[in-house]
Amino acid sequence: MSTDENNNPPDRSVLQRFWQELQRRKVIRVASVYIVAGWLIIQVADSTFAGFGIPDWAFRFVTLMVLLGLPVALILAWALELTPDGIKTTQPLDGAEGSASEPAALTRKRNWTAYAFGALLPTVILGSLAMFFYIQSNRSDGELDGTAARDQVGEKVRIAQSIAVMPLVNMSSHEENEYFAGGIHEDVLTNLSRIEDLQVISRTSMLRYAASEMTLREIGNELGVDFIVEGSVRRIGNHVRVTVQLINAHNDLHLWANNYERELVDVFATQSAIAREISDSIHLELQPESVASLEGMPTASVKAYDLYIRVQSSEKTEGETEGSVLRRRAMLEEAVAEDPDFVEAWAVLKRLYDLQLDRLRRRGWYVKEGDDIEKVAADLRAASQRALEKAIALDPNNAETLLARVVDHSWPKTAEEMQQQKAIFDQLISSYPEYAKGWYHLGHWHSHLDDLPEHDLEALRADAVAAFEEALRLDPFNARMVGAVLTWYRDRGYQ
């Protein structure tokens, strides 16, 4: 506020006239309405954009437009007015070139100043928007490609991602389960910290959020991370289930979730195994191109591995129908096309061809009207042999390869064939004692010896029961396996 030479305050009548002029030109009203409307627009955008999957930059753009639009609205309200004859320049109070108390030259100067600002401001706004989209374009390229310019040659490096792992929630009454959940949390953090270009928030920093009422999005904003992992641990007897979810911290969208179930025989071994599976799954989700570097991964192809995992899950949970078997076959054939060296996929595909051949003989499946059944069967046998030869050539001692050599659904067999199969089963079980499917099919192999009269029926059934029980102990939530064993028990009169 200016003063005269004697440091006296300015004439209050000037301020009053300016305030009255603002009111007359409806600048105050426009500002009030604009601020309320702009606030509502920003709130609606903040609450709805994430739910519709609209990217974060769109919200920033809306906010910037609202802020930059305010001075434009105020200048237009000052300089223009809406009349019955259309939009016209706002005139002074007396409608002449100048008011009674204001020289015409001053009025013209004030109007030209408003017009100059009115012309300059859109240029500033357009320049700001151009800069915004330029910066956003560079950011989006980095987010989508995971790369940024390293030097003038144009080499690329990954933009580091960041992740926070919430402490796992204990959903059981067991007090000792708190230590188990804490151990998994710590092991997951340790494993994730070894992933290149992934910044991991420390366990100490995350413990303060264990009982926090903040939302995951708020926690993500406070920590400045891209992803958040949350989960829970449930324990019933010696069985434990860990549920884990990976969430985008920017928009609270779920990216991935999975359950991990184990029998708690060795606490530390179980804890370590679950933590490794969780961290590998997160690694695969965040950096799919690095699948080949994960320990124990059966293939370097992300697509082939995904197809194989889906087949494994379907085999455990889906009932057997013509459609389900054909779907699994199609996925496995696509997997081996993606990676011809995927030994496990070839071996499982071989067993699937054999299953089709058995259902063709026993139930008449997979034959269309007008098809030659013998030709369909011959094609399945040839496909099965090709898949088995491929698996053996890639890795003859792989668990799935060994299982493919002894499981062909062809019964009865000669004593010599059964002896050869028993030798392979012995190699499979001794090499892979934790392989549930090996024990499961060994139980069925023992039960098929019923057809050979020289064997003790009770002893064979006892061996079959022992193998089945071991399979269920190793994989208790394999619904298909549980159902098949239950049927076997019922057919033989077991309670």
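**Exercise 1. Find the largest cavity, give its volume, and name what lines it.**

*Solution.* Start with the volume: the largest cavity holds about 40 Å³ of space. A cavity here is a set of points, on a 1 Å grid over the protein atoms alone, where a 1.4 Å probe fits but cannot get out. Grid points are joined across faces, edges and corners, and the volume is the space filled by probe spheres set on the points. Next, widen the search: the structure holds two cavities of 30 Å³ or more. Now the walls. Lining residues have an atom within 4 Å of a point, and for the largest cavity they are Val 165, Leu 168, Ile 184, His 185, Val 188, Val 229, Val 244 and Ile 278. Finally, see which element gives the most: helix H5 (residues 176-193) does, with three residues. Helices (H or I, at least four residues) and strands (E, at least two) are DSSP runs, numbered from the N terminus.

A word on the ground rules. This is a predicted model, where local features need pLDDT of at least 70 and side-chain atom pairs count only at pLDDT 80 or more, while totals for chains, interfaces and linings use all residues. Residues are numbered from 1 along each chain as its sequence is written, and side-chain values use heavy atoms, with hydrogens and water left out.

**Exercise 2. Size up the chain as a whole, then say where pLDDT stays under 50.**

*Solution.* First the make-up: the protein chain comes to 17 helices and ten strands. Of its 495 residues, 39% count as buried, buried being under 20% relative accessible area, exposed over 50%, and partly exposed in between (1.4 Å probe, protein chains only). Then the contacts, meaning heavy atoms within 4.5 Å: among those between residues at least 6 apart in sequence, 60% join residues at least 24 apart. Last, confidence. The mean pLDDT (the predictor's confidence in each residue, from 0 to 100) is 77, and 73% of residues reach 70 or more. It stays under 50 over residues 95-102, where the model has 15 contacts beyond four places in sequence. The other stretch to note is residues 140-158, again under 50, with 22 such contacts.

**Exercise 3. Work out which face of helix H17 is buried and what covers it.**

*Solution.* Begin with the geometry: H17 (residues 479-491) has 13 residues and reaches 18 Å from its first C-alpha to its last, close to the 18 Å expected at 1.5 Å a residue. That expected span is 1.5 Å times one less than the number of residues. Now pick out the buried residues of H17: Met 481, Val 485, Trp 488 and Tyr 489. Seen down the helix axis, these buried residues fall within an arc of 100°, so they line one face of H17; the arc is that of the directions from the axis to the C-beta atoms. On the other side, Arg 490 and Asp 491 are exposed. The cover over the buried residues includes H15 and helix H16 (457-474). After H17 comes Gly 493, with a positive phi near 80°.

**Exercise 4. Follow helix H11 past its end and look for positive phi values.**

*Solution.* H11 (residues 343-363) is mostly covered, with 18 of its 21 residues buried. Just after H11, Gly 364 takes a positive phi of about 75°. Carry on into the loop between H11 and H12, and you get to Tyr 366. Tyr 366 isn't a glycine, yet its phi is positive, about 65°. Most residues other than glycine have a negative phi. At 11% relative accessibility, Tyr 366 counts as buried. For another case, try His 409, also not a glycine, with a positive phi of about 60°. His 409 sits in the loop between helix H13 (399-406) and H14, and is partly exposed at 24%.

**Exercise 5. Place Glu 315 and Ser 384, and list what each one touches.**

*Solution.* Take Glu 315 first, in helix H9 (residues 302-317). Why does Glu 315 count as buried? Because its relative accessibility is 19%, and the cut-off is under 20%. Leaving out residues up to four places away in sequence, Glu 315 touches Arg 328, Arg 351, Lys 437 and Arg 480. Ser 384 lies in helix H12 (residues 373-394) and is buried, with a relative accessible area of 7%. By the same rule, Ser 384 touches Lys 350, Tyr 353 and Asp 354.

Notes
On a 1 Å grid over the protein atoms alone, a cavity is a set of points where a 1.4 Å probe fits but cannot get out, and a pocket is an open set with protein on both sides within 12 Å along at least five of seven lines; lining residues have an atom within 4 Å of a point.
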